[in-house]
Amino acid sequence: MAVNEDFLKYVLEQLAGLGHVTGRRMFGGVGLYHGERIFGLIFGDTLYFKVDDSNRPDYEARGMGRFRPYADRPQLSMTYYELPADALEDAEECVMWARKSAAIAAAGPKRAARRRQRHAR
């Protein structure tokens with residue numbers, strides 16, 4: 001599903017307080033980057049942010065769903081969750097949620113591997 005240009009512009013405006021956010025088209029959607037790290041996705045008119053164990057409960061508590069890229073394979077999902085609509089509508093709150101996801105992206109896969117090791121002990 002193509003990303004509406006007006007929606008992309010709106011999202012980028014809402015994220016202006018984070019600084020250095022760019023959108024790159026990919027696979028029918030848009031990847032949101034803070035610097036060189038992807039922290040968000042837009043597909044259709046839905047915004048998703050990167051999650052890990054530190055912020056996933058925030059999304060689950062609000063009943064938000066995971067990004068599922070294949071309609072015919074709903075069991076497949078990625079580590080991105082839909083941002084609540086009210087958080088998107090409030091630029092300060094949107095940046096707060098985005099900042100957590102950008103930090104996760106900046107930490108890269110090493111952080112996730114360390115967390116898995118700690119939980120395995």
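Buried here means under 20% relative accessible area. I start with that cut-off because Q14 has a relative accessible area of 12% and is therefore buried. What you have in front of you is a predicted model. The mean pLDDT of the protein is 85, with 80% of its residues at 70 or more.

Confidence by element, then. Helix α3, residues 85-89, has the highest mean pLDDT among the elements, at 97. The lowest belongs to helix α4, residues 91-120, at 78.

Back to Q14, which sits in helix α1. That helix covers residues 5-14, and its buried residues are F7, L8, V11 and Q14. Looking down the axis of α1, these buried residues fall within an arc of 125 degrees, so they line one face of the helix. The general background is that an α-helix has 3.6 residues a turn, so residues three or four places apart point the same way. On the face of α1 turned away from the buried side, we find the exposed residues E5, D6 and K9.

D6 comes up again at the start of α1. Its backbone nitrogen has a side-chain oxygen of N4 within 2.7 Å.

At Q14, what does the side chain meet? A polar atom of the Q14 side chain lies 2.7 Å from the backbone oxygen of L88. L88 is also on the contact list of Q14, once neighbours within four places in sequence are set aside. The others on that list are E89, D90, A91, C94 and V95.

Now the strands. Strand β1, residues 21-26, runs antiparallel to β2, and six bridges join the two. They form a hairpin with two residues between them. In that turn, F27 has a positive phi of about 50 degrees.

Strand β2 covers residues 29-34, and five of its six residues are buried, so to speak of it as mostly covered is fair by the cut-off I opened with. On its other pairing, β2 goes with strand β3, residues 37-43, again in the antiparallel sense, over five bridges. This hairpin also has two residues between the strands, and G35 takes a positive phi near 70 degrees.

Which residue ties the two pairings together? Take V30 in β2, which has R25 standing opposite. In β3, the bridge partner of V30 is I42.

To recap: Q14 is buried, its side chain has a polar atom 2.7 Å from the backbone oxygen of L88, and β2 pairs with β1 over six bridges and with β3 over five.

Notes: Residues numbered from 1 in each chain as written. Heavy atoms only, no water. Buried < 20%, exposed > 50% of the residue type's maximum accessible area, 1.4 Å probe, protein only. Helix = DSSP H or I, 4+ residues; strand = E, 2+ residues; numbered from the N terminus. Arc of directions from axis to C-beta. Polar contact = N/O pair within 3.5 Å; in protein donor to acceptor, adjacent residues only side chain to side chain. pLDDT = per-residue confidence, 0-100. Contact = heavy atoms within 4.5 Å. Pairing = 2+ DSSP bridges.
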